[in-house]
Amino acid sequence: MNTPIAIEIVMLLAGLLFVLGIVGVIIRKNIIFMLLSVEIMLNAAGLAFIAAGSRWAQPDGQVMFIFILAMAAAEVSVGLALILRIYHQHRSLDIDKLKEMKG
Amino acid sequence: MDIFFYITAFVTLFSTIMVITRHNPVHALLYLVISLLSLSVIFFLLGAPFVALLEIIIYAGAIMVLFIFVIMLLNLGKETAAQEKAWLKPTVWIGPVILSTILLAELFYLIITAQPPSYNLQTVDSKAVAISLFTPYLIGVELAAMLLMAGVVGAAHIGQQKKTVLHRFLKEEEPQ
């Protein structure tokens, strides 16, 4: 499948997705939505890797995406376990109510 | 072929915007699944079919199921949606959105007006990926395995319910 898609456009799409993820982390106050936005950002980084890998026809980009995938799986499992603990202790997922860490 | 890419990119962007603006967590998850599916179509168009399948199987299949489990477990329903709705007022985000849209338009203009070098995409099949993954990147695979192991152990440790009873007369109140 030889599709001449300009690499700049793909990188622009990856950048837009990453920006959307950052916006999601900033504007949401629910921890679950923040975790979803982190997933969006990881996907955007993966898209950039894939685009670069297919630009030079090297498999390294896909290898990096596989590593990103493994990292995302580990991160999500730990993050969701933390969310469960937080909800059981505070009865809320509002980050404004979780101020006792003074972070 | 080019038009397919643009349509898919539009679907991806639109569904991602819907993800970060929904009030109900389950709706946001549905849109995120759509976003992942369209991203996998983009991977396929970019000549990476193996990774496109992995995206669907692992992301949309496994990770999203984890999210759905947690949302069902926490029983996040109408109250969460109402809370989120109260937080996301247009007066909060309209100013930053306008300003950052200006910057985005500048970026878009700069990228569009640059002269892109012409080239053809080539499909990198799964054999090349596997050879590269298990010869030069073998240490990375093992590190990823250790990371996953640590993630599983950490999630199991964090997620377990501990009942701390200091004394039988000093029983702590059960957290439900």
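This short report looks at how chain A and chain B meet, and then at a nonpolar patch on chain B. Keep in mind that the model is predicted.

**Where the chains meet**

The size of an interface is often given as the accessible area lost when the parts come together. Here, about 6,700 Å² is buried between chain A and chain B, and carbon and sulfur atoms give 76% of that area. Chain A brings 67 residues to the contact, while chain B brings 79 residues.

What kinds of residues does the side of chain A that touches chain B divide into? There are 45 nonpolar, 12 polar and 10 charged residues on that side. Helices α1 (7-27), α2 (31-55) and α3 (60-90) of chain A each supply at least two of the residues there. The largest share comes from α3(A), with 24 residues.

Now for pairs that reach across the interface of chain A and chain B:

| Kind of pair across the interface | Number found |
|---|---|
| Salt bridges | 0 salt bridges |
| Polar contacts (both residues at pLDDT 80 or more) | 8 residue pairs |

**A nonpolar patch on chain B**

Let's turn to the surface of chain B. A nonpolar patch of about 1,100 Å² is found there, and its members include Phe4(B), Tyr6(B), Phe10(B), Leu37(B) and Ile56(B). Which helix gives the most to this patch? That is α1(B), with 7 residues. Still, α1 (2-21), α2 (25-45) and α3 (49-74) of chain B each supply at least two residues of the patch. If you would like one to find in the structure, try Ile56(B), which lies in helix α3 of chain B.

Terms used:
Residues numbered from 1 in each chain as written. Chains lettered and ligands numbered in written order. Predicted model: local features only at pLDDT ≥ 70, side-chain atom pairs only at ≥ 80, totals over all residues. Heavy atoms only, no water. Contact = heavy atoms within 4.5 Å. Buried area = accessible area lost by both parts, 1.4 Å probe. Salt bridge = Lys/Arg side-chain N within 4 Å of Asp/Glu carboxyl O. Polar contact = N/O pair within 3.5 Å; in protein donor to acceptor, adjacent residues only side chain to side chain. Helix = DSSP H or I, 4+ residues; strand = E, 2+ residues; numbered from the N terminus. Nonpolar A, V, L, I, M, F, W, Y, C, P; charged D, E, K, R; others polar. Patch = residues over 30% accessible without salt bridge, like charges linked within 9 Å, V, L, I, M, F, W, Y side chains within 5 Å. Areas by Shrake-Rupley, 256 points an atom, 1.4 Å probe, with all protein chains shown as cover.
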